[in-house]
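Visitor: I should like a close look at one part of this model, the charged side-chain pairs and the framework around them. Please give the criterion behind each term as it arises.

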Amino acid sequence: MATLHVLSHSPFTDSRLASCLRLLGAGDALLLTGDAVYALQPGTTNLQALQLMPASVALYALDEDLAARALPAPERAEVVGYPEFVELCTRYAKVNSWL
């Protein structure tokens, strides 16, 4: 059963991103929102870890949050808006928000 994992906390303040990465299964997806988009900063170990995820795990980033932080989206990440966010929540069997 595929799961959409939604992460909104900065990867520099706690270990939620690392914990999430350990639990991702084939067919799952990770959506970065809020301060979690800081994981996409070029040259960081967080971005390297995300780029090393298996191709079977989709990576998404919310466009509004990338723009608010003036961050570029790497090729690995698909940039989505709120309508796509809602669609992703319906596409996956489960949604896990890392609060």
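**Salt bridges and their setting**

Guide: The count comes to 4 salt bridges, a salt bridge being a side-chain nitrogen of Lys or Arg within 4 Å of a carboxyl oxygen of Asp or Glu. The model is predicted, so local features need pLDDT of at least 70 and side-chain atom pairs count only at pLDDT 80 or more, whereas totals for chains, interfaces and linings use all residues. Residues are numbered from 1 along each chain as its sequence is written, and side-chain values use heavy atoms, with hydrogens and water left out.

Among these salt bridges is the one between Asp 35 and Arg 69, whose closest N and O atoms are 2.9 Å apart. This pair links distant parts of the chain, 34 residues apart: Asp 35 lies in the loop between S2 and H2, and Arg 69 in the loop between helix H3 (63-68) and S4. Helices (H or I, at least four residues) and strands (E, at least two) are DSSP runs, numbered from the N terminus. Arg 69 also meets the side chain of Asp 65 in a salt bridge, at 3.6 Å from N to O. Asp 35, Asp 65 and Arg 69 are thus linked in a network of salt bridges.

How buried or exposed are the members of this network? Asp 65 counts as buried at 11% relative accessibility, while Asp 35 is partly exposed at 34% and Arg 69 is partly exposed at 22%. Here buried means under 20% relative accessible area, exposed over 50%, and partly exposed in between (1.4 Å probe, protein chains only). Another salt bridge joins Arg 16 to Asp 14, with the closest N and O atoms 2.6 Å apart. Both are partly exposed, Arg 16 at 22% and Asp 14 at 27%.

The framework is an open sheet of 5 strands in the order S4-S3-S2-S1-S5, with parallel pairing; two strands pair if DSSP finds at least two bridges between them. Strand S4 (78-80) and strand S5 (94-98) are the edge strands, each pairing on one side only. The twist averages 25° from one strand to the next, where axes are lines fitted to C-alpha atoms, for helices over the stretch in contact, and angles run from 0 to 180 degrees between N-to-C directions.

Leu 30 of S2 has bridge partners on both sides, His 5 and Leu 59 in S3. From S2, Ala 29 and Leu 31 point one way and Leu 30 and Leu 32 the other, and all are buried. The chain crosses from S2 through helix H2 (residues 45-51) to S3, and this β-α-β crossover is right-handed: with the strands pointing away from the viewer, the path from the first strand over the helix to the second runs clockwise. S1, H1 and S2 likewise make a right-handed β-α-β unit.

Strand S1 (residues 3-7) pairs with S5 in the parallel sense over 5 bridges, and Val 6 stands opposite Ser 97 in S5. Helix H1 (residues 16-23) packs on the sheet, touching S1, strand S2 (29-32) and S5, and its direction makes about 155° with that of S5; contact means heavy atoms within 4.5 Å. Helix H4 (residues 82-91) also packs on the sheet, touching S1, S2, strand S3 (58-62), S4 and S5, at about 145° to the direction of S3.
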